[in-house]
Amino acid sequence: MNNPQNKEDRIVFLEETVRRLLKERGEWQSKAYRLESKLNALSTDSLDYPKTNECFIFELGEIIRPMVHDMKGQLSLAGTVAKKVSQSIGQEESTIDINELMSDMELINDSLSYIHRLISNLSYLGGKIPDNFTSVNLNKLIKDTTEFIKRKHNDFITELDIADEPLQVMAHEDSLTMLITNLVKNAIEACDPKHGQIYISAKRDDSNAELVNIIVKDNGIGIHENEKERMYDIHYTTKKNGFGLGLYLVKKAVELHKGIITCEGEPFKGTSFTVSLPIEKEEKNDNS
């Protein structure tokens with residue numbers, strides 16, 4: 001049914017669209033479960049690989065890449081449907097709670113967009129390096145990314161300390177979003193859900209105005225000195241459930257943007273990650 005005009009048709013259209021969206025969602029969830037099974041098998045069967053061996057990275061990429069293509073198609077379609085529903089039901093008033101439905105659809109669309117970005121970044125484990133850099137407003141990116149995470153983890157007290165001045169960086173936006181997301185979620189997982197506090201800041205470096213420092217700090221379980229040497233290694237993790245990809249991808253994203261990452265922390269005293277990235281240089285017009 002295309003372009004429904006009256007209220008009854010719009011409700012029918014909404015119901016059909018939601019059913020279709022749920023079907024699409026079920027399909028990519030099924031694919032995600034199959035991917036997880038393959039990764040579990042790989043982590044079990046590939047014990048001959050040293051944990052930092054590039055063979056493991058390539059093998060992982062080979063498994064993920066064909067599924068990435070298929071899943072991205074499903075996610076793109078589901079996102080288009082969600083957007084179409086939001087536009088359709090917003091054209092006139094109705095006895096049903098349109099605002100609530102639109103809000104739900106927007107959340108679904110945000111979630112699908114996030115998964116799409118995550119899958120895109122996983123694809124370069126197999127050798128594909130992103131090269132489509134653009135000028136990115138770091139202030140807005142951090143605020144939007146943090147707000148999205150807080151929707152699912154609102155038990156944590158997140159303090160944002162973002163500079164008032166514009167912080168523009170030349171970046172691959174999806175990779176930068178993944179970097180921040182992984183650092184914040186890593187901090188969340190390190191904290192007690194009842195007392196977790198996470199501090200996120202983005203400001204120019206005091207000693208070098210050409211750099212911006214992104215800090216993600218938590219009051220969680222902290223880190224041992226011997227873990228600092230291995231925490232960026234592929235397949236290294238101290239978690240019961242995990243493949244050790246999060247901080248590895250963070251480090252790769254930092255290197256991609258010619259930045260530096262440092263970590264400070266002690267056991268039971270929290271952990272702080274600082275990512276330093278170059279500020280986008282302003283072009284000067286010399287008319288003399």
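**Entry 1: the tail of the chain**

I began at Glu 282, which sits in the segment after strand 7. A reminder to myself before going on: this is a predicted model. Glu 282 has a relative accessible area of 73%, so I noted it as exposed, the cut-off being over 50%. Next I looked up its distance to Gln 168. The two residues are 114 apart along the chain, and their C-alpha atoms are separated by 9.6 Å.

**Entry 2: the overall layout**

I then stepped back to the whole chain. I find seven helices and seven strands. Read from the N terminus, the order is α-α-α-β-α-β-β-α-β-β-α-α-β-β. Of the 288 residues in the chain, 42% are buried. I also looked up how far apart in sequence the contacting residues are. Taking contacts between residues at least 6 apart in sequence, 74% join residues at least 24 apart.

**Entry 3: helix 4 against helix 5**

How do helix 4 and helix 5 cross? Helix 4 covers residues 138–152 and helix 5 covers residues 173–190. Their axes come within 10 Å and cross at roughly 45 degrees. The two helices are therefore oblique to each other. I noted the crossing of helix 4 past helix 5 as right-handed.

Here is who takes part. Helix 4 brings Leu 138, Leu 141, Ile 142, Thr 145 and Ile 149. Helix 5 answers with Glu 173, Leu 176, Thr 177, Ile 180, Thr 181, Val 184, Lys 185 and Ile 188. Sorted by class, this contact has eight nonpolar, three polar and two charged residues.

**Entry 4: helix 5 against helix 7**

I stayed with helix 5 and turned to its packing with helix 7. The angle here is about 140 degrees, and the axes are 9 Å apart. That makes helix 5 oblique to helix 7, because an angle has to be over 145 degrees to count as roughly antiparallel. This crossing is left-handed.

From helix 5 I listed Ser 175, Met 178, Leu 179, Asn 182, Leu 183 and Asn 186. They meet Gly 246, Leu 247, Leu 249, Val 250, Ala 253, Val 254 and Leu 256 of helix 7. By class, I have nine nonpolar, four polar and no charged residues in the contact of helix 5 with helix 7.

Which residues of helix 7 are buried? In this helix, residues 246–256, I noted Leu 247, Tyr 248, Leu 249, Val 250, Ala 253, Val 254 and Leu 256 as buried.

**Entry 5: two positive phi values**

Just after helix 7 I stopped at Lys 258, where phi is positive at about 55 degrees. I flagged this as a positive value in a residue other than glycine. Lys 258 lies in the loop between helix 7 and strand 6, residues 260–265. Its relative accessible area is 73%, so Lys 258 is exposed.

Phe 268 went on the list as well, with a positive phi near 65 degrees, and this residue too is other than glycine. Its place is the loop between strand 6 and strand 7, residues 271–278. Buried or exposed, I asked of Phe 268? At 73% relative accessibility, Phe 268 counts as exposed.

**Entry 6: Ser 201 in strand 4**

I went looking for Ser 201 and found it in strand 4. Its relative accessible area is 4%, so Ser 201 is buried. What is Ser 201 in contact with, leaving aside its neighbours within four places in sequence? The list reads Asp 161, Ile 162, Asn 213, Ile 214 and Ile 215. I also looked up Thr 274, which is 73 residues from Ser 201 along the chain, with 9.4 Å between their C-alpha atoms.

Ahead of strand 4, I checked His 195, in the loop between helix 5 and strand 4, residues 197–204. With 54% relative accessibility, His 195 counts as exposed. His 195 and Asn 219 are 24 residues apart in sequence, and C-alpha to C-alpha they are 8.4 Å apart.

**Entry 7: cysteines**

Last lookup of the day: how many disulfides does the structure hold? The count is zero. I noted two cysteines for their burial. Cys 191 is at 8% relative accessibility, so it counts as buried. Cys 263 is buried as well, with a relative accessible area of 15%.

Notes: Residues numbered from 1 in each chain as written. Predicted model: local features only at pLDDT ≥ 70, side-chain atom pairs only at ≥ 80, totals over all residues. Heavy atoms only, no water. Axes fitted to C-alpha atoms, helices over the stretch in contact; angles between N-to-C directions. Helix = DSSP H or I, 4+ residues; strand = E, 2+ residues; numbered from the N terminus. Parallel < 35°, antiparallel > 145°, perpendicular 65-115°, else oblique. Left-handed = near helix turned anticlockwise from the far one by under 90°. Contact = heavy atoms within 4.5 Å. Nonpolar A, V, L, I, M, F, W, Y, C, P; charged D, E, K, R; others polar. Disulfide = S-S within 2.5 Å. Buried < 20%, exposed > 50% of the residue type's maximum accessible area, 1.4 Å probe, protein only.
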